Amino acid sequence: MIDIGILRKNPEILYESQRRRFQGDEIIRKAISLDDKWRELLKKSNDLKSEKNRMIREIAPIAKRGEDISAQKKKVEMVETQIGLIEKQLTEIESERDNVLRRIPNIVDLEAPVARDESGNTAFEFHGKATVFSDDLSNFLDSSKGKMEYELIERRRESHVDLLTRRGLIDLETAAKVSGSRFYYLLGDLVILENAIELYALKMLREKGFTVVEPPFMLNKEATNGATDFTAFEDTLYKVEGEDLYLIATSEHPLASYHSDQILEARSLPQFYAGRSPCFRREAGAHGKDTKGIFRVHQFNKIEQFSYCLPEDSAKIHRILLGNAKEFYDNLKIPYRIVDISTGDLGNVASRKFDIEAWYPVQGQFREVVSASNVLDYQARRLKIRYRANDGNKFVHTLNSTLVATTRTLVAIVENNQQPDGTIMVPEVLQKYVGKEAI
RNA sequence: GCGGGGAUAGCCGAGCGGUAAGGCGACGGCCUGCUAAGCCGUUUCCCUAUGGGACCGGGGGUUCGAAUCCCCCUCCCCGCGCCA
């Protein structure tokens with residue numbers, strides 16, 4: 001949620017942000033007009049309450065003496081009736097205003113590239129050495145801006161679906177039968193490899209001072225609504241039948257709600273958490289995309305970085321979280337590029353977002369594996385997470401970033417590390433956890 | 001699931017029908033070679049702000065007046081039961 005003070009005092013900031021997002025400004029105007037109305041009613045209500053309080057203070061000594069107060073009672077009742085009427089309107093307007101307010105997108109960072117959609121996303125860093133099938137070369141050179149090392153191969157490698165199914169490391173058919181599409185059985189060494197990824201990731205963040213957390217995998221509506229974008233409810237979240245619970249789509253949500261309604265000491269900031277959890281996503285808007293395999297699925301495991309910090313530190317910490325994710329993919333020797341997400345593609349919550357896109361030699365393209373967002377005080381305001389400052393309590397900034405989502409990284413490893421005999425080289429740093437050099 | 005106890009400001013904690021004590025911490029000031037101590041003040045939220053309003057886990061009720069009495073709900077603690 002944006003700061004209502006900005007809506008009142010500097011609405012031009014919001015109009016400009018909406019322009020950069022290529023979104024309309026009706027929502028801003030609506031919010032302002034509802035807020036004006038709300039303040040008018042509040043004034044009326046407060047004046048009447050003041051009058052009532054004054055009357056009661058006058059009655060107290062009379063009532064104590066045991067004298068008759070029926071005339072005064074009558075007057076108080078009349079004022080109360082009026083208060084009731086005003087308050088009813090006030091509550092209605094307030095909830096209407098807040099609904100609109102909550103839907104106003106976060107203020108975009110002025111550094112973010114301005115564009116209507118994802119075509120404006122700007123790749124600005126390139127790491128590692130890519131394996132490129134000759135047919136994909138022009139696409140590769142284009143999307144790596146010629147700034148990335150590569151090795152050309154003359155035969156397209158086997159897709160992860162074919163290879164893993166053939167090798168008995170996944171079973172998609174049975175998963176489809178018992179659960180539906182976009183589910184999977186992971187089998188054998190692939191399960192060990194997945195666990196190795198998670199353990200390595202958690203240890204890495206622990207060494208960097210993160211508090212490792214396994215959060216609840218379900219949240220109630222209030223917490224979910226505080227942590228996420230309202231559109232997530234329709235497209236993303238699974239609701240638990242008959243309970244006020246939603247399966248989490250990412251551990252970002254329980255980590256964001258972890259300090260809800262709290263006032264943190266400034267000296268305790270920044271705080272860093274490493275969340276480990278499964279993620280459940282309906283993928284309702286993704287019909288036809290990545291329908292085969294384990295690249296886009298309803299359930300996957302993820303290690304997430306989350307930070308609470310002082311407002312002046314958030315830009316710096318955004319780079320730190322991104323840096324950790326870079327280090328992870330560097331160490332796994334998976335080639336990738338970094339993309340500065342454009343204003344039109346940010347989503348409502350983020351002010352600035354960097355994605356890491358790994359190179360997938362079989363698909364012949366870069367695909368998202370990490371998303372690092374600075375959401376400023378947008379989440380903190382909804383969740384009422386503040387810190388004590390000399391001049392009052394202020395909202396913290398929150399940031400989140402994937403460290404690793406296991407399924408996409410497994411696919412990247414399979415595509416990048418497969419050998420002619422169909423075995424898959426285990427990244428060196430994971431070998432001691434897997435207990436094998438190849439699976 | 002049953003019985004008992006509880007939830008008050010950042011934290012601790014009193015008040016138990018007349019409109020939120022006190023302590024700790026934090027911040028500001030005074031004092032002082034410096035520091036500490038001491039003293040004074042500030043320290044929930046909202047509004048069009050020298051003022052006004054709201055707030056004692058949440059919601060409803062009784063009353064001129066509710067933190068206080070009544071009802072419902074949530075969560076926590078203790079005991080019993082059940083259980084991987």
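**View 1. Helix α3 gives the most to the surface near RNA strand B, with 13 residues.** The model shown is predicted. In total, 21 residues surround RNA strand B. The closest are Asn 46, Lys 49, Ser 50, Asn 53 and Asn 393. Helix α3 covers residues 26-64. Two other elements, α4 (70-103) and β16 (392-395), also supply at least two residues each.

**View 2. The surface near RNA strand B mixes residue classes.** Eight of its residues are nonpolar. Six are polar, and seven are charged.

**View 3. Helix α3 is seen from end to end, and its length agrees with expectation.** The helix has 39 residues. At 1.5 Å a residue, α3 should span 57 Å. The expected span counts one residue less than the total, so the 39 residues of α3 give that value. The end C-alpha atoms of α3 are 57 Å apart, which agrees. Just after the helix comes Gly 66, with a positive phi of about 80 degrees.

**View 4. Three residues of α3 are buried: Ile 28, Ala 31 and Trp 38.** Here a buried residue has 20 or more other C-beta atoms within 10 Å of its own. The buried residues of α3 pack against three helices. These partners are α1 (4-9), α2 (11-20) and α4. Helix α4 thus appears in two views: as a packing partner of α3, and as a supplier of residues to the surface near RNA strand B.

**View 5. Chain A is assigned two domains.** Domain 1 covers residues 4-103, and domain 2 covers residues 118-434. Their centres, taken over C-alpha atoms, are separated by 43 Å. Along its principal axes, the C-alpha trace of chain A spans about 100 × 45 × 40 Å. The chain contains 15 helices and 17 strands.

**View 6. Burial and contacts are shown across chain A.** Of the 439 residues in chain A, 37% are buried. Consider contacts between residues at least 6 apart in sequence: 71% of these join residues at least 24 apart.

**View 7. Confidence scores accompany the predicted model.** The average pLDDT of chain A is 92. A pLDDT of at least 70 is reached by 100% of the residues. The model scores ipTM 0.85 and pTM 0.93.

How values were computed: Residues numbered from 1 in each chain as written. Chains lettered and ligands numbered in written order. Predicted model: local features only at pLDDT ≥ 70, side-chain atom pairs only at ≥ 80, totals over all residues. Near = placed C-beta within 6 Å. Helix = DSSP H or I, 4+ residues; strand = E, 2+ residues; numbered from the N terminus. Nonpolar A, V, L, I, M, F, W, Y, C, P; charged D, E, K, R; others polar. Buried ≥ 20, exposed ≤ 12 C-beta atoms within 10 Å, placed from the backbone. Contact = placed C-beta atoms within 7 Å. Domains from an automatic or database assignment. pLDDT = per-residue confidence, 0-100.
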